[in-house]
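Visitor: I would like a close look at a single part of this model, the surroundings of its first ligand. Please take me through that site carefully, and then set it in the context of the chain as a whole.

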Amino acid sequence: MAKIGTPARRLFYFNESYFLNQKEEQMNVLVIGGGNMGITYAEAIAKSNFLSSGSLMVFDKSEEKQAELRAGGFFSVHSGLGTCLPEADVVLIAVKPVHAPGLMDEMRPMVSAGQLFISIMAGVTIDTIKQRLGIDKVVRAMPNLPAQVGLGMTSFTASEQVSRLELATIEKLLDTTGRSLNLASESEIDASTGISGSGPAYIFYFMQALLDAALKMDFNKEDARLLVGQTFSGAVELFNSSDLSPDDWMAKVASKGGTTRAALDSMDGNNLNSLIQEAAYAAFRRAEELGKQTDGKEVAHA
Ligand SMILES: NC(=O)C1=CN([C@@H]2O[C@H](COP(=O)(O)OP(=O)(O)OC[C@H]3O[C@@H](n4cnc5c(N)ncnc54)[C@H](O)[C@@H]3O)[C@@H](O)[C@H]2O)C=CC1
Ligand SMILES: O=C(O)[C@@H]1CCC=N1
């Protein structure tokens with residue numbers, strides 16, 4: 001097993017003067033799991049100048065993934081935890097919840113008290129991570145897929161052992177992928193999973209339905225994609241350009257007795273608003289269930 005890192009150095013990095021002096025670029029950050037989200041974070045951190053070069057490490061257990069990551073060349077890619085985990089000041093865990101217990105058991109002998117752990121795993125609680133790793137400083141975050149294009153929405157909350165200044169630095173790290181929201185409790189993280197974490201899939205669901213309608217109306221695939229994509233981008237841009245509510249914007253599109261009213265009446269008649277709210281609650285409840293399942297035990301979710 002690799003030697004345990006240098007706690008004195010970590011103490012320096014994580015004391016208040018370090019954070020007041022804003023020397024984030026001297027931190028070593030390790031991302032574990034180089035899939036959709038892990039690679040998104042690693043690339044965003046690498047491109048942001050948040051860290052100095054050579055300070056970002058990635059470990060994925062898949063050899064195929066390691067080869068793919070090495071081709072990118074943005075960070076050092078490790079083939080085992082022993083060469084990277086003891087050197088890290090901040091560790092971002094980005095594996096599926098089902099892989100969390102095995103990974104944390106492997107990590108435990110190599111971690112130390114000064115290290116700070118960020119988990120983006122859905123439903124895995126701060127207590128589970130603290131107990132399984134035997135550490136105290138945990139930030140639980142819930143990002144979303146648009147982080148891949150710098151438009152992510154990440155909610156996060158921290159264990160009480162994470163200081164205000166440490167949290168400010170972690171917020172800057174999370175913001176390399178878009179915007180973030182510091183929430184007071186893990187219950188709010190589960191709720192935000194039902195809104196922003198899973199939310200991009202609901203938008204894609206709506207887009208797929210409109211695409212299907214356009215294809216039925218005999219548009220070819222390319223034209224249907226343009227009609228739907230530009231309509232979504234335009235509507236979102238309008239929404240973000242003012243404080244008007246979606247209801248206000250709907251009123252601007254819909255003329256009395258017109259085409260939009262016909263569509264909106266059809267949606268209301270089918271209770272679409274309630275169905276979408278129900279879907280968001282289903283994701284919220286699932287995040288809570290995952291938390292109970294992973295509470296110190298094995299996970300039954302892939
Ligand atoms: N995909 C999404 O939109 C979002 C995902 N999440 C969370 O992010 C986490 C990762 O999700 P994805 O990136 O989509 O998954 P993914 O399946 O694309 O990536 C996971 C990676 O972890 C690696 N891995 C598995 N076990 C490992 C281990 N023991 N050590 C090192 N690497 C290991 C796998 O080889 C894989 O490359 C999940 O916990 C999920 O709940 C959170 C918000 C949004
Ligand atoms: O579906 C999931 O479990 C993850 C968490 C939020 C988005 N994807």
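Guide: In what follows, a residue counts as near a molecule if its C-beta atom, placed from the backbone, lies within 6 Å of it. The model is predicted, and on that footing 27 residues surround ligand 1, the closest being Gly33, Gly35, Asn36, Met121 and Ala122. Two elements each give two or more residues to this shell, namely α3 (36-48) and α5 (100-107), and of the elements it is α3 that gives the most, with three residues. Sorted by class, the shell around ligand 1 consists of 13 nonpolar, ten polar and four charged residues.

The record offers a second view of this region. An unreviewed UniProt entry carries the annotation "binding site" for Ile32, Gly33, Gly34, Gly35, Asn36, Met37, Ala94, Val95, Lys96 and Pro97. These annotated positions are spread over 66 residues of sequence, yet they cluster in space, with a largest C-alpha distance of 14.3 Å.

Two of the annotated residues can be followed individually. Ile32 belongs to strand β1 (residues 29-32), and it counts as buried because 27 C-beta neighbours lie inside 10 Å, where 20 or more are required. If neighbours within four places in sequence are left aside, the contacts of Ile32 are Phe59, Val91, Leu92, Ile93, Ala94, Val95 and Leu103; Ala94 and Val95, in this list, also carry the "binding site" annotation from the UniProt entry. Lys96, by contrast, is placed in the loop between β4 (90-93) and α5, and it is partly exposed, since 16 other C-beta atoms within 10 Å fall between the limits for exposed and buried.

The strands just mentioned are parts of an open sheet of eight strands, which has the order β3-β2-β1-β4-β5-β6-β7-β8 and mixed pairing. At the edges stand β3 (76-78) and β8 (178-182), and each has a single partner strand, so one side of each is left without a neighbour in the sheet. From one strand to the next the twist averages 25°. Within this order, β4 is joined by four bridges to strand β5 (residues 116-119), and the two run parallel; in this pairing Val90 stands opposite Leu116 in β5. Further along the sheet, helix α8 (residues 186-197) lies across β6 (138-142) and β7 (152-158), running at about 170° to β7.

The other ligand also deserves a word. Ligand 2 is surrounded by Ala122, Thr193, Gly197 and Ser198, and Ala122 is also among the closest residues to ligand 1. By class, the shell around ligand 2 holds one nonpolar and three polar residues, and no charged ones.

As for the wider setting, the unreviewed UniProt entry assigns residues 29-123 to "domain: Pyrroline-5-carboxylate reductase catalytic N-terminal". Over that stretch the chain is 33% helix and 20% strand, with its end C-alpha atoms 23 Å apart. The protein chain as a whole has 13 helices and eight strands, and of its 302 residues 36% count as buried. Among its contacts between residues at least 6 apart in sequence, 68% join residues at least 24 apart.

Note on methods
Residues numbered from 1 in each chain as written. Chains lettered and ligands numbered in written order. Predicted model: local features only at pLDDT ≥ 70, side-chain atom pairs only at ≥ 80, totals over all residues. Nonpolar A, V, L, I, M, F, W, Y, C, P; charged D, E, K, R; others polar. UniProt positions renumbered as here; feature names shortened; annotations may be inferred. Buried ≥ 20, exposed ≤ 12 C-beta atoms within 10 Å, placed from the backbone. Contact = placed C-beta atoms within 7 Å. Pairing = 2+ DSSP bridges. Axes fitted to C-alpha atoms, helices over the stretch in contact; angles between N-to-C directions.
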